[in-house]
Amino acid sequence: MNVSAAGWLRRAVTPSPAPISWPDVLRAAVGIGGGAAAGVLLASPATGLLLAMGALGAVLQRTGKAYRLRLLGIVPPQLTGALGLLVGHPAHGTGWGGVLTLIVVALVSGAISSLGPISSACGLSPLLMATIGVGLPLPVTAPLPYLAGGALVLLLALLGWPVRPAAPERRAVADVYRALAGSLGGDERARERLPKLISIAQDALVSHRATRPGQDSEVVRLTEALNAATPLIEASTLATVVRPEIVAAIDGLADAVAEGRRDAPPPDLTPATREERFLLRGVRYAAAGLGGRRDEVDLLGQPPSFPERFRDTAGGVLLSGRAWRYALRLALCVGLASGISAALVLPRGYWVTLTVTFVLKPDFGSVFTRALLRALGTLVGVTVGVVVLTTVPLGWPMLTVVALLGAVVPIVSARSYAMQTAAITPLVIVLIDWIDRLPPDKLATTRLLDTLLGCAIVLVFGYALWPESWRVRVGERLADLLDDVAGYLLVAFGGDPGDRSRRRRAAYRRATELDAVFQQALTEPPPASAHAAAWWPALVAAERMLGQVTAASVRSRSGGATPAPGEVTALADAVKDLAGAAREQHRPGAGKLPEEGPLAPVADEIRTARAALG
């Protein structure tokens, strides 16, 4: 693994592969371009700016999800953004009053940003819009067109709900079956994506149940279909070579789920190996589940009630030291950005604060890398913006460019932060230029210098002075995964099937989260990325250990040898010892492990992990 400075820079600037969601592209073009067009028709540039900004905020929430997730992902951030405009507008033109306002908003926004994806968006939106409200002369009714712009994108995102209300959920469950078929066919990328796809499908179905507690026959059937994939997923851990007919049968299950059909006849095959017998049994079980038979194992569990969710969220805000430390970092950097802009009377100082807000997000990846990519993206974006403003006439030709720039945003957002910045920067420059015009010869230097100043503030006062922002924490997450593996191991060979299934899923979800944390740590510059890379052998051993526990459990339940309870407990204790070693940074124990028997493969991975952590 290349963790040198050159390797880190290469990873930072290389775009990630991602499919293009054409519905998202169309929504972005219509929402952002339509908002700007409305401003021209109404002869109100401020209205056009607010409509387009509302649409842009909704577009950035990635609307290609289950319909209820689209509601949860768009509506709360739009409401908090409108609240930010309400708070920021009275402070426009007040100088240091605006600085104080933004510090208070930053403190509140930062406190709620660290709790999850939706709360992160709810924290980002008010600070962005408060900054715009403080920096630009907007009407007192500014929240209304802003909300209208977001509502247009939301409406476009929900158009299919009355016709095919469960289509995104069907697609999510079908993707699980397709990835399973691909992994059995030798596609390693499909095998790696399978745990994440299972989590996506679960999130889609849980969100449906959390927002609509009553019975929905379609979603109940999809839950059964996802549950019915469990034996197939477990059996796949044993398979080595699989006949194409079995892979095709699983693809057929995926098609049946996606199309809403209940018929997916299993292949009439005689298993040639023990592994094939497990797989064919899983195919028949899944086919029966599609036909309407309910599975006794509920992978999802009951969603928490609203009071429980509110209590947990409020507790997270009030009691989380990490959340408040981030809030202080954000408030400090926003105060410095807005204070310096006020002291130096920068003509467009709000751009400095906007840069700080975008770069200093803990769940968006490495702050250092984002600052670098922000500067690179802004350089490209400002160049594009200047070319557009100097060559494209105002009016409908400019609106066409706005729609095209808006359409590019969802295409590049999933690929690279630098590319996203390069797309959003000229779009915002063109929109703001309608009400806060700068000569083109000053535009490039002003925007670039403001961006560099904002990045410098973040790097010094929001990154370098706070060790927790760049200190690698892969070991703590690895320890959590190992604890989950130990807990799963204790129930994998007996006990309640539902508990076994939930613990297995929790462990696989933890492994997916650990992989995301590890990849984020690799985006830090050396030596932090080098420290993260040192955990790689232990991380691989832990994930393989989880797979071996699942495989041993399947063998045991399918007539194979069952380990003695004492042996299971001893191995679980060994895994817990590994978790302690990873968490506290000490050498693991060296207790004796079985050389033979059903748990020998698990013991082999424990030995590998001991060597990696030693």
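**Figure 1. Glutamate 259 and its arginine partner.** Glutamate 259 is exposed, with a relative accessible area of 51%. In this predicted model, its side chain meets that of arginine 261 in a salt bridge. The N to O distance is 2.7 Å. Arginine 261 is partly exposed, at 30% relative accessible area. Side chains of opposite charge can pair when their charged atoms come close. The structure holds 10 salt bridges; two others are shown in the next views.

**Figure 2. A salt bridge between helices α20 and α24****.** The side chains of aspartate 480 and arginine 583 meet here, 3.0 Å from N to O. Aspartate 480 sits in helix α20 (residues 474-491), and arginine 583 sits in helix α24 (residues 565-584), so the pair ties together parts that are 103 residues apart in sequence. Both partners fall in the middle class of exposure. Aspartate 480 is partly exposed, with a relative accessible area of 24%. Arginine 583 is also partly exposed, at 37%.

**Figure 3. A salt bridge between helices α25 and α23****.** Glutamate 605 and arginine 544 meet through their side chains, with 3.1 Å from N to O. Glutamate 605 belongs to helix α25 (residues 600-613) and arginine 544 to helix α23 (residues 536-557), so this pair links parts that are 61 residues apart in sequence. Glutamate 605 is buried, with a relative accessible area of 8%. Arginine 544 is partly exposed, at 48%. Elsewhere, salt bridges that share partners join Asp480, Asp483 and Arg583 into one network.

**Figure 4. A negative patch on the surface****.** Four residues form it: Asp187, Glu192, Asp515 and Glu543. Glutamate 192 lies in helix α9, which spans residues 188-211. Glutamate 192 is exposed, with a relative accessible area of 61%.

**Figure 5. Threonine 47 in helix α3****.** The helix covers residues 45-59. Threonine 47 has a relative accessible area of 19%, so it counts as buried; the cut-off for that class is under 20%. Leaving aside residues up to four places away in sequence, threonine 47 touches Leu42 and Pro145.

**Figure 6. Alanine 43, a residue with positive phi****.** Most residues other than glycine have a negative phi. Alanine 43 is not a glycine, yet its phi is positive, at about 55 degrees. Alanine 43 is found in the loop between α2 (22-41) and α3. Its relative accessible area is 68%, so alanine 43 is exposed.

**Figure 7. Valine 345, with positive phi in a loop****.** Phi of valine 345 is near 50 degrees, a positive value in a residue other than glycine. The loop that holds valine 345 runs between α14 (321-343) and α15 (350-359). Valine 345 counts as exposed, at 66% relative accessibility.

**Figure 8. The whole chain, for orientation.** The chain has 25 helices and 0 strands. Of its 614 residues, 53% count as buried. Among contacts in the chain with a separation of 6 or more, 79% join residues 24 or more positions apart. The chain exposes about 26,100 Å². Carbon and sulfur atoms supply 64% of that area.

Terms used: Residues are numbered from 1 along each chain as its sequence is written. This is a predicted model: local features need pLDDT of at least 70, side-chain atom pairs count only at pLDDT 80 or more; totals for chains, interfaces and linings use all residues. Side-chain values use heavy atoms; hydrogens and water are left out. Helices (H or I, at least four residues) and strands (E, at least two) are DSSP runs, numbered from the N terminus. Buried means under 20% relative accessible area, exposed over 50%, partly exposed in between (1.4 Å probe, protein chains only). Contact means heavy atoms within 4.5 Å. Patches are made of residues with over 30% relative accessible area and no salt bridge: like charges are joined within 9 Å, nonpolar side chains (Val, Leu, Ile, Met, Phe, Trp, Tyr) within 5 Å. Accessible areas come from the Shrake-Rupley method with a 1.4 Å probe; for residues, only the protein chains shown count as cover. Lys and Arg count as positive and Asp and Glu as negative; His and the chain ends are not counted. The place of a charge is taken as NZ of Lys, CZ of Arg, CG of Asp or CD of Glu.
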